[in-house]
Amino acid sequence: MSGISVKAGGISLETPGILASGILDENGYTMKRILQEGAGGAVTKSIGMEERPGYVPPVVFEAHGGIINAMGLPNPGIDNFGDEISKAKESSKPVIGSIFASTPEQFMKLAERMVDYGVSAIELNLSCPHVRGFGAEVGSDPVLVKEIVKNLKGSISIPIWSKLSPNVTDILSIASAASDSDAIVLINTVRAMAIDIYARMPVLTNTYGGLSGRAVKPIGLRLVYEVKKELGLEIIGVGGISTWVDAMEYVMAGASAFQVGTALWNHGRSVFNEINEGLASFMNEHNIKSLAELRGVAIR
Ligand SMILES: Cc1cc2nc3c(=O)[nH]c(=O)nc-3n(C[C@H](O)[C@H](O)[C@H](O)COP(=O)(O)O)c2cc1C
């Protein structure tokens, strides 16, 4: 759609909304379909070295304004994922390979395989809040984050995005450590839980999970705004976006593009086209030629 195409994190997107990792993106057919229906790009489910079944259900709980999940990073393993990427790439839109690991060496191996599979960029999952040894446990150590990003930037030819956790006290030190990335992706889910009062125990098998959906939008916005204002890094915003107004708030807070996850469960695939149309008509009305003109305009 003219006017809302953007350059973000080293790639070009026809439309600024990207499918977020973990929602309908373990399968090439569903990614292709979502890409054909208004998404500008798709991030794959986070893929690791080995196949993982994930946790035993219940792994998802519907909370007020969002969902709490602790899936346990189920995925088919990197060796079994090439066909899904090939299928998604039939859309001719960018597919971004999300990877998780616990050491810089494993991140390198996974990134190299993703490059072989033909992805347009790599998203490092440095932020999953509910699996020991991965995700946020790696992503809350600035020294490790710096080493992982530096290693990859030194030898991988495609853009590297670092997806960070909101569950840290000082986001600026982690974002600074990841500043060699082509984009910082904010935010992953917010650590949370639910209790079943009749069973007198936590609902999720894993006890703790991550909250996503509308309830987390103000948290995501604050983190995007703060990192953009203080560090000026390129940012892709994610967290609670379900309308074009939500997306515009993220852009005005400093995001170059944005991702949508949980809203696909509530609104279905039409969410991307609805957001695209809303953004285009707002820009028309206000005589804005490119979304980049609005990036960060709310920052004071
Ligand atoms: C069921 C589910 C699975 C997810 N799996 C992943 C994942 O594998 N890797 C990742 O980086 N983020 C994962 N996420 C986080 C989302 O990509 C996103 O950062 C978060 O849900 C906030 O966006 P939203 O409110 O639009 O869903 C998952 C989220 C949900 C709800």
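Me: Where does the ligand sit in this structure?
Reply: Happy to help! Keep in mind that this is a predicted model. For a molecule to count as sitting in a pocket, more than half of its atoms must lie within 2 Å of the pocket's grid points. The ligand sits in the largest pocket.

Me: How many residues surround the ligand, and which are the closest?
Reply: A residue counts here if one of its heavy atoms lies within 4 Å of the ligand. The shell divides into seven nonpolar, 13 polar and two charged residues. In total, 22 residues surround the ligand, and the closest are Ser21, Ser46, Lys163, Gly240 and Thr262.

Me: How much of the ligand's accessible area does the protein cover?
Reply: Let's start with some contacts to oxygen atoms of the ligand. Lys45 brings a polar side-chain atom to 2.8 Å from one, while a polar backbone atom of Gly213 is 2.8 Å from one. On its own, the ligand has 610 Å² of accessible area, and the protein covers 98% of it.

Me: Why is the pair of Trp244 and Phe282 tilted?
Reply: Good one! A search of the whole structure finds one aromatic pair. Planes under 30 degrees apart count as stacked and over 60 as edge-to-face, with the rest tilted. The ring centres of Trp244 and Phe282 are 5.4 Å apart and their planes are at 40 degrees, so the pair is tilted.

Me: Which helices hold Trp244 and Phe282?
Reply: This pair links distant parts of the chain, 38 residues apart. Trp244 belongs to the helix of residues 244–253 and Phe282 to that of residues 271–285. Those are helix α8 for Trp244 and helix α10 for Phe282.

How values were computed:
Residues numbered from 1 in each chain as written. Predicted model: local features only at pLDDT ≥ 70, side-chain atom pairs only at ≥ 80, totals over all residues. Heavy atoms only, no water. Polar contact = N/O pair within 3.5 Å; in protein donor to acceptor, adjacent residues only side chain to side chain. Areas by Shrake-Rupley, 256 points an atom, 1.4 Å probe, with all protein chains shown as cover. 1 Å grid on protein atoms, 1.4 Å probe; cavity = no way out; pocket = protein on both sides within 12 Å on 5 of 7 lines; lining within 4 Å. Nonpolar A, V, L, I, M, F, W, Y, C, P; charged D, E, K, R; others polar. Phe/Tyr/Trp six-rings, centres within 6.5 Å; stacked < 30°, edge-to-face > 60°. Helix = DSSP H or I, 4+ residues; strand = E, 2+ residues; numbered from the N terminus.
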